[in-house]
Amino acid sequence: DKDILIYLATIINDRIDRNLPVDRKIRFSAYDCLKATGRGTGKRSYELFQNALYRLRSTTITTNIKSGNQRERAGFGWIETWRIIEQEMSNGRHVMKAVEVVINDWMYRALVHDRRVLTIKAEYFSLKGGLERRLYELARKHCGKQQHWEIGLSRLAEKCGTTRDRRKLKLDLNIIAENDSLPDYQ
């Protein structure tokens, strides 16, 4: 599900970089999203894609947020609305012609007005483990161009959102370090 949000942010950021108009409503091809995020393009992948849109719309986040000079307590979905436009083929099959998603106002402000955007390498989408992906995200946020960044195991577990036993987490981290699979980071 997060991959779709990253893909949407990428579209908006690309439009800003090219001085094109941006809007909360984003129209794109499901095929392009699936390819960019390293997914398959078979029937099952499209079903999973649609399920992800449903979850992103139906998940409610309740928070207090500061964005720009505003602070608000709010409940919202990751996306406000989604719509799939299908085209009927000559054989009677329906295929996804386009997808329209309206992102929530908070995400739009963060991307467009506050410019809270970190670039990620395309290789991020080939990382299979959730822990690997989260480590890459934390490295992008905290390392930047620094040579190194240090964090204690308990704090890292908290930032990763894991309740895994610390010894097992340390073992997982050692395996990831041995594989050296995080793009740009060792």
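Here are some quick questions and answers about how features of this predicted model get their labels.

Q: Why is the count of disulfides zero?
A: A disulfide needs two cysteine sulfur atoms within 2.5 Å. The sulfur of C143 has its closest cysteine sulfur in C160, 13 Å off, and that is too far for a bond. Going the other way, the closest cysteine sulfur to that of C160 is in C143, again at 13 Å. So by the 2.5 Å rule the tally is zero disulfides.

Q: What makes C143 and C160 buried or exposed?
A: The cut-off for buried is under 20% relative accessible area. C143 comes in at 11%, so it's buried. C160 has 19%, so that one is buried too.

Q: How do you know that the buried residues of α6 are on the same side?
A: The residues in question are L156, A157 and C160, in a helix that runs over 153–160. They cover an arc of only 100 degrees around the axis, so they sit on the same side of α6. As a rule, an α-helix has 3.6 residues a turn, so residues three or four places apart point the same way. As for what covers the buried residues of α6, that includes α5 (130–142) and α7 (166–179).

Q: Why are α6 and α7 called roughly perpendicular?
A: Their packing angle is about 80 degrees, and the axes are 11 Å apart. Roughly perpendicular takes in 65 to 115 degrees, so α6 and α7 get that label. On the α6 side, L153, S154, L156 and A157 make the contact, and on the α7 side R166, L169, K170 and L173 do.

Q: What makes the phi of N19 worth a look?
A: Most residues other than glycine have a negative phi. N19 isn't a glycine, yet its phi is positive, about 55 degrees. You'll find N19 in the loop between α1 (2–17) and β1. Exposed means over 50%, so N19, at 71% relative accessibility, counts as exposed.

Q: And why is D184 called exposed?
A: The bar is over 50%, and D184 has a relative accessible area of 57%, so it's exposed. D184 is in the segment after α7, and it also has a positive phi, near 75 degrees, without being a glycine.

Q: How do you know that β1 and β5 pair?
A: Pairing takes at least two bridges, and these strands have four, in the antiparallel sense. One of the residues involved is F28, whose bridge partner in β5 is V99. F28 is also on the covered face of β1 along with I26, while K25 and R27 are on the uncovered one.

Methods
Residues are numbered from 1 along each chain as its sequence is written. This is a predicted model: local features need pLDDT of at least 70, side-chain atom pairs count only at pLDDT 80 or more; totals for chains, interfaces and linings use all residues. Side-chain values use heavy atoms; hydrogens and water are left out. Buried means under 20% relative accessible area, exposed over 50%, partly exposed in between (1.4 Å probe, protein chains only). Helices (H or I, at least four residues) and strands (E, at least two) are DSSP runs, numbered from the N terminus. The arc is that of the directions from the helix axis to the C-beta atoms. Contact means heavy atoms within 4.5 Å. Axes are lines fitted to C-alpha atoms, for helices over the stretch in contact, and angles run from 0 to 180 degrees between N-to-C directions. Angles under 35 degrees count as roughly parallel, over 145 as roughly antiparallel, 65 to 115 as roughly perpendicular and the rest as oblique.
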